[in-house]
Structures are given as structure tokens and as C-alpha cells.
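Please open the structure in the viewer and keep the sequence panel visible. The tour below proceeds by selections, from the whole chain to single residues.

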Amino acid sequence: DVGCGTGRWLRRYRQMQIRAVGLDATQDMLRRAVAVGLDSPVVAARAQKLPFRDGAFDLVSDVTVVQHIPSSEQAGVLAEMVRVLRPGGHLLLIELIRGEAPHIFPRNPAGWIVAGNAAGLRLIFSEGQEFLLFDQVMARAAQGLRRIAGGKQGSPLPAQEDASARQGRRQSAGKSVYWAMRRISCKASEWAEPLAQKACPINWATHALFVFQKNTK
């Protein structure tokens, strides 16, 4: 398990009677994993250079790890994962397929598949993860309202301190209502997730699951 962190997936593999090895670049995370009783072997190393022999594993898993690696290095990381897989072995990849932030480098579903193919893999299964339908609608509606409200606000004059205080209270109340609605929309999205996975295009999701198989030749 590449990027195993504190061992969440390693514990799941253990429950499934799968012998697993964890790898993470952050030693503190691995110490915490061992401290809470994880008994799977763990190794401190970077995904760009896996300290294992060629063909060492039947399965390599990567859960939201490559998305945090700059795009220019992602091909090399995938190549390393493929190197340590035996021919015919499988790579389980769960990664972000949209979003923007300085610390994430997502690809769309086709982009992840193309990257896998280039590394010597063939796709055998994929599906969207975390569609969050109701929450996405709620968040976008709130953003739209914020833009509208922002366009109507002016700079308060010193003589308008009472009005400014009232505005601050309204904003505080608005935030409380907003987060209460987000809790409801998240719960509704969780309930609708199984249906969304069956009915919605994969591009509507925030993450996607890919299962690849290493080519035998």
C-alpha cells in the first residue's frame, strides 16, 4: 500500500487475510501506525523510488497519493508501482479527477487511464467515487448567492458602525445556517451515493476508482 499513512487500508487488508506491506514518506505517520497496534510491516520511502525488487507483489494499492505528486513526476511514480508488480498483477488506484489547489494535481478519468496505459497497464474496471450530488448543488448555490451579495455590498462609512455590527451578526448567522445546510446535504449525498454510482457519468464524481492489470508481455 503506497502512501499508507497510519495504516487504515493495511488494517482492512489484514481483516481480509491479505498479507500487506505499507510504505509512506512520513516516518511520523508510520510511528503512529505502529503505536496504535498495526502489525503489518511498514517501510519509510518515497513513491518515486520503491525499495522493492521487480515483480515483488500481486497487488499494489494507491489511495489518493499520486494526486499530490506534481504532474511531471506522476508517470515515474506509476512506472515504479508497475515495476514492483508481477506480470498479470493488479494496481488499485483511487485518485482525484477534478478540483484545483496548489497541493493537488488531478487528472480527468481519461487522463488517469492514459497514464496507466503508458506505464504498461490495461484498465479492467473503473467507477466514480464521492459524487456528493446534493452537497455539490448546495455548495454551488451558496457560492452563487455569495457572488450576488458581494456585488451589492459597499464600504461602510465610520458613521455606520451600528449597521456594520448588524451586518457582522447577519454574516455570522449566515455561516451557521450554511454549515447546518451542508451537514444535511452531505448526509443526503451519502444516502444517494449508491444510486449516483450506478446512474451518473464518472466525470460527475470527485474521485474515481481504477483497477488496472499489468501486461504480461
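Begin with the entire chain selected and contacts displayed: among those between residues at least 6 apart in sequence, 75% join residues at least 24 apart. The model is a predicted one. Of its 217 residues, 35% count as buried. Switching to a surface display shows an accessible area of about 13,400 Å², and carbon and sulfur atoms account for 57% of that area.

Next, colour by secondary structure. The chain contains six helices and six strands. Followed along the sequence, these elements give the pattern α-β-α-β-β-α-β-α-β-α-α-β.

**Two paired strands**

Select residues 57-63, which form strand β3, together with residues 85-96, which form strand β4; the two pair in the parallel sense over six bridges. Within this pair, V60 stands opposite L91 of β4. Now add residues 71-83, helix α3, through which the chain crosses from β3 to β4. This β-α-β crossover is right-handed.

**The nonpolar cores**

Which residues touch the most other members of the largest nonpolar core? Select V2, V60, M81, L91, L93 and F210, which hold that position among the 28 residues of this core. To see where the core draws its members, display α3, β4, α4 (109-118) and β6 (207-214): each of them supplies at least two residues. The largest share, four residues, comes from α3. Apart from this core lies another, of 13 residues; C4, V63, L92 and I94 are among them. As a general point, nonpolar side chains in soluble globular proteins tend to be buried together.

Returning to the largest core, centre the view on L93, one of the residues that touch the most other members. Setting aside its neighbours within four places in sequence, L93 is in contact with D62, V66, L78, W112, A208, L209, F210 and F212. F210 thus deserves a second selection: this residue is a contact of L93, and F210 also belongs to the group that touches the most other core members.

**A residue in helix α1**

Finally, select residues 8-15, which make up helix α1, and locate R14 within that helix. Is R14 buried, partly exposed or exposed? R14 is partly exposed because its relative accessible area of 47% lies between the limits of 20% and 50%. Then add S40 to the selection: R14 and S40 are 26 residues apart along the chain, and their C-alpha atoms are separated by 7.9 Å.

Technical notes:
Residues are numbered from 1 along each chain as its sequence is written. This is a predicted model: local features need pLDDT of at least 70, side-chain atom pairs count only at pLDDT 80 or more; totals for chains, interfaces and linings use all residues. Side-chain values use heavy atoms; hydrogens and water are left out. Two strands pair if DSSP finds at least two bridges between them. A crossover is right-handed if, with the strands pointing away from the viewer, the path from the first strand over the helix to the second runs clockwise. A nonpolar core is a set of buried Ala, Val, Leu, Ile, Met, Phe, Trp, Tyr and Cys residues joined through side-chain atoms within 4.5 Å. Buried means under 20% relative accessible area, exposed over 50%, partly exposed in between (1.4 Å probe, protein chains only). Contact means heavy atoms within 4.5 Å. Accessible areas come from the Shrake-Rupley method with a 1.4 Å probe; for residues, only the protein chains shown count as cover.
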